[in-house]
Amino acid sequence: MTTETTPPADDRLSIDECWELLDREVVGRLALIVDGHPEIFPVNFVLERRSIVFRTAGGTKLWGAMTSKPAAFEIDGYDAREQQAWSVVARGEAQLMESQAEKEAADARLLEPWQPGDKDFYVRLAPKALTGRRFTVTRPDLWNTRLADPRRASFE
């Protein structure tokens, strides 16, 4: 018996499709190793020069981003009209942005913190690997699927 763990080649997104989906989103998840265990942080972000930029305060996220090599960033979504889900993962190293010109370029893309407080540190993740996939979701069993499942919308 064989099991398939790799998505079919036609489900894979091109690099350009991955960047287009990243450019449409405003929130993603940053994955880091902190104190020897994985941590995931939701961050709002912008794209600037083919990299992912977010702001943060000093603390665990900043420390993890500066010391955890490599880092990963993920977004995903669901298109109810097309009944398709997608996911994009960027992997690389996070770097602290120190140039005022680079910070201003990110701010020009409307990078504003969502959470109150000082978010004075700008972090850039320049992906060394960018992968994504899109797939048609299974039709939900309307009688057994949770009411919050977004797949239900196209069948109700």
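Among contacts in the protein chain between residues at least 6 apart in sequence, what percentage join residues at least 24 apart? The figure is 69%, so keep the whole chain on screen as you go. Bear in mind that this is a predicted model.

**Stop 1: the whole chain**

Colour by secondary structure to begin. You should find 3 helices and 7 strands, running along the sequence as α-β-β-β-β-α-β-β-α-β. Of the chain's 156 residues, 35% count as buried.

**Stop 2: the main core**

Next, show side chains for L22, F45, I52, F73, I75 and V88. In the largest nonpolar core, which has 26 residues, these six touch the most other members. Now switch the ribbon back on to see where the core residues come from. The elements that each supply at least two of them are α1 (15-24), β1 (27-34), β2 (37-44), β4 (52-56), α2 (60-67), β5 (71-79), β6 (84-97) and β7 (121-136).

Centre on L22 for a look from inside. Setting aside neighbours within four places in sequence, L22 contacts F45, L47, I52, F73, I75, V88 and L130. Then pick V53, M97, A106 and L111: they are among the 6 residues of a second core, separate from the one you have just seen.

**Stop 3: α1, end on**

Select α1 and look down its axis. Its buried residues are C18, W19, L21 and L22. Why do they line one face of the helix? Because they fall within an arc of 165° when seen down the axis. As a reminder, an α-helix has 3.6 residues a turn, so residues three or four places apart point the same way. Bring the surroundings back, and you will find that β3, β4, β5, β6 and β7 are included in what covers those buried residues.

**Stop 4: α2, the same way**

Give α2 the same treatment. Here K61, L62, G64 and A65 are buried. They sit on the same side of α2, because the arc they cover around the axis is only 165°. Their packing partners are β1, β2, β4, β6 and β7. Leave K61 highlighted, since it turns up again at the next stop as a lining residue of the largest pocket.

**Stop 5: the largest pocket**

Turn on a surface. Rolling a probe the size of a water molecule over the atoms shows where empty space is left. The largest pocket has a volume of about 220 Å³. To outline it, select V27, P42, V43, N44, R55, T56, A57, K61, P113, W114, Q115 and K119.

Which strand gives the largest share of that lining? It is β2, with 3 residues. Both β2 and β4 supply at least two lining residues each. Colour the lining by character and you get 6 nonpolar, 3 polar and 3 charged residues.

**Stop 6: R49 and R50**

Move to the loop between β3 (46-47) and β4, where R49 lies. R50 is in that loop between β3 and β4 too. Check the backbone here. Most residues other than glycine have a negative phi, and most peptide bonds are trans. R49, however, has a positive phi near 55°, and R50, also not a glycine, has a positive phi of about 55°.

Is R49 buried or exposed? R49 is exposed, at a relative accessible area of 59%, while R50 is partly exposed at 47%. Apart from neighbours within four places in sequence, R49 is in contact with E102 and R124. For a longer link, draw a distance from R49 to A106: the two are 57 residues apart along the chain, and their C-alpha atoms are separated by 9.3 Å. You met A106 earlier, in the second core.

**Stop 7: Q84 in β6**

Finish on Q84, which lies in strand β6 and is partly exposed, with a relative accessible area of 23%. What does Q84 touch, not counting residues up to four places away in sequence? Show G77, Y78, D79, R134, F135, T136 and V137. For one last distance, go from Q84 to V137: they are 53 residues apart in sequence, yet 5.5 Å apart in space, C-alpha to C-alpha.

Notes:
Residues are numbered from 1 along each chain as its sequence is written. This is a predicted model: local features need pLDDT of at least 70, side-chain atom pairs count only at pLDDT 80 or more; totals for chains, interfaces and linings use all residues. Side-chain values use heavy atoms; hydrogens and water are left out. A nonpolar core is a set of buried Ala, Val, Leu, Ile, Met, Phe, Trp, Tyr and Cys residues joined through side-chain atoms within 4.5 Å. Buried means under 20% relative accessible area, exposed over 50%, partly exposed in between (1.4 Å probe, protein chains only). Helices (H or I, at least four residues) and strands (E, at least two) are DSSP runs, numbered from the N terminus. Contact means heavy atoms within 4.5 Å. On a 1 Å grid over the protein atoms alone, a cavity is a set of points where a 1.4 Å probe fits but cannot get out, and a pocket is an open set with protein on both sides within 12 Å along at least five of seven lines; lining residues have an atom within 4 Å of a point. Grid points are joined across faces, edges and corners, and a volume is the space filled by probe spheres set on the points. Ala, Val, Leu, Ile, Met, Phe, Trp, Tyr, Cys and Pro count as nonpolar, Asp, Glu, Lys and Arg as charged, and the others, Gly among them, as polar. The arc is that of the directions from the helix axis to the C-beta atoms.
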